[in-house]
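Welcome! Here is a short briefing to read with the sequence and the 3D view side by side. Please take a moment to turn the structure around before you go on.

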Amino acid sequence: MTTTAIVNIGNLVTNDPELGEGPLGQIKNAALVVEGDKIVWAGPSAEVPATDEAHDAAGRAVIPGFVDSHSHLVFAGDRTEEFNARMSGRSYSAGGIRTTVAATRAATDEALEANLRHHLAEALRQGTTTFETKSGYGLTVRDEERALRIAKAHTDEVTYLGAHIVSPDLADDPAAYVDLVTGEMLDACAPHARWIDVFCEKGAFDGDQARAILTAGKAKGLLPRIHANQLSYGPGVQLAVELDAASADHCTHLTDADVDALASGNTVATLLPGAEFSTRAQWPDARRLLDAGVTVALSTDCNPGSSFTSSVPFCIALAVRDMGMTPDEALWAATAGGAQALRRTDIGRLSPGARADLAFLDAPSHVHLAYRPGVPLVSEVWRSGAQVA
């Protein structure tokens, strides 16, 4: 296979402390060697081995591609009116999801896939090279299955979220909907998914219902993750740790016991500041989690209702400004942290053996992602060893 040296990197973030300085493993005046779809060498430019080809980074910073481990991209329509009303004083609740459910059910497969492609391209231009996405806007066997089938054509990280809210069709019989989600719907959806998720929240599913749904998914070979403690205190985080979920997502309202559980388990706390920004809600306290030793990831939660952004750099800036994270911590959370939330070791780092997913920044260091919020700093993106943006 052809080898390519990426040379003249002003500052390289490897996320491997053995390769460079600090937890991010930073190397100044660095180089990378890519062979096929993998990184095979990283170090100072002066020591780069001979390769078939060279690519000049022109002094730019290079970081691992972002790992967006929580998104909802198979949908139709938008909720502009809801957002406008909310910004005029109405608070967010789980019920707004029904608007998107109606639009998604009415859309063709072709329209859903075109919208998915649009948002994936948008995210890729901003440096996202791995993404997870969910169903959850169909809430019928047919519509959940087709959402996952469409998503699976674009990512391996597909999540069955039939338990987003109780379907409007069974609003008066939540127990019957749980039976559907854990029965016929699960049977149809499991072949297309890696993960199972549930919105454990007032107005959605309680702790007992969430446990039943996730346990049924595990029995079908799906790995659990959970929307936990977004709008209020609740059992979601404790349940995530109990079931060894890969990630508890949102984690906005936490007791000391919740934090202790996360610190003692293997579950990543995935924080989604786009949701708090878009709903004017309380920010998650990342500093509290980090100081307790919890592994933290950052993701966009891109969805048409509560966080309609595909920009990981924007979420990094929010996390630094409003959640108590340092620029180094936020970048790690959006790359290596996201990889851990997906239980992946081949992404989120730029060290030998990793997939060659990287983003070039029109800046001297990654700190500019928070220092210059809203500026399109990602100037080039490689995925699996090839330039794609």
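A residue is called exposed when its relative accessible area is over 50%, buried when that area is under 20%, and partly exposed in between. Keep in mind that this is a predicted model. With those cut-offs in hand, we can visit two loop residues, two cysteines and a cavity.

**Two residues with positive phi**

- Start with Ala58, whose phi is near 55°, a positive value in a residue other than glycine.
- To find Ala58, look in the loop between β4 (53–56) and β5 (61–64).
- Is Ala58 buried or exposed? Its relative accessible area is 55%, so Ala58 counts as exposed, given that the cut-off for exposed is over 50%.
- Ser384 is not a glycine either, and its phi is positive too, at about 55°.
- Ser384 sits in the loop between β17 (378–383) and β18 (386–387).
- Because its relative accessible area is 30%, Ser384 is classed as partly exposed, a label for values between the buried and exposed cut-offs.

**Cysteines without a partner**

- How many disulfides does the structure hold? The count is zero.
- Take Cys200, which is in no disulfide: the nearest cysteine sulfur belongs to Cys251 and is 12 Å away. A disulfide needs two cysteine sulfur atoms within 2.5 Å, so a gap like this rules the pair out.
- Cys251 is likewise in no disulfide, and the nearest cysteine sulfur to it is that of Cys200, 12 Å away.
- As for their surroundings, Cys200 is buried, with a relative accessible area of 5%.
- Cys251 is buried as well, and its relative accessible area is 1%.

**A cavity inside the protein**

- The model has two cavities of 30 Å³ or more.
- The second largest cavity holds about 60 Å³ of space.
- Which residues line the second largest cavity? Among them are Asp68, Ser71, Leu73, His119, Phe131 and Cys302.
- Helix α3 (109–125) and strand β7 (128–131) each supply at least two residues of this lining.
- Sorted by character, the lining of the second largest cavity has four nonpolar residues, five polar ones and one charged residue.
- To see this cavity in your viewer, try selecting its lining residues, including Ala123, Thr128, Thr300 and Ser310.

Note on methods:
Residues are numbered from 1 along each chain as its sequence is written. This is a predicted model: local features need pLDDT of at least 70, side-chain atom pairs count only at pLDDT 80 or more; totals for chains, interfaces and linings use all residues. Side-chain values use heavy atoms; hydrogens and water are left out. Buried means under 20% relative accessible area, exposed over 50%, partly exposed in between (1.4 Å probe, protein chains only). On a 1 Å grid over the protein atoms alone, a cavity is a set of points where a 1.4 Å probe fits but cannot get out, and a pocket is an open set with protein on both sides within 12 Å along at least five of seven lines; lining residues have an atom within 4 Å of a point. Grid points are joined across faces, edges and corners, and a volume is the space filled by probe spheres set on the points. Helices (H or I, at least four residues) and strands (E, at least two) are DSSP runs, numbered from the N terminus. Ala, Val, Leu, Ile, Met, Phe, Trp, Tyr, Cys and Pro count as nonpolar, Asp, Glu, Lys and Arg as charged, and the others, Gly among them, as polar.
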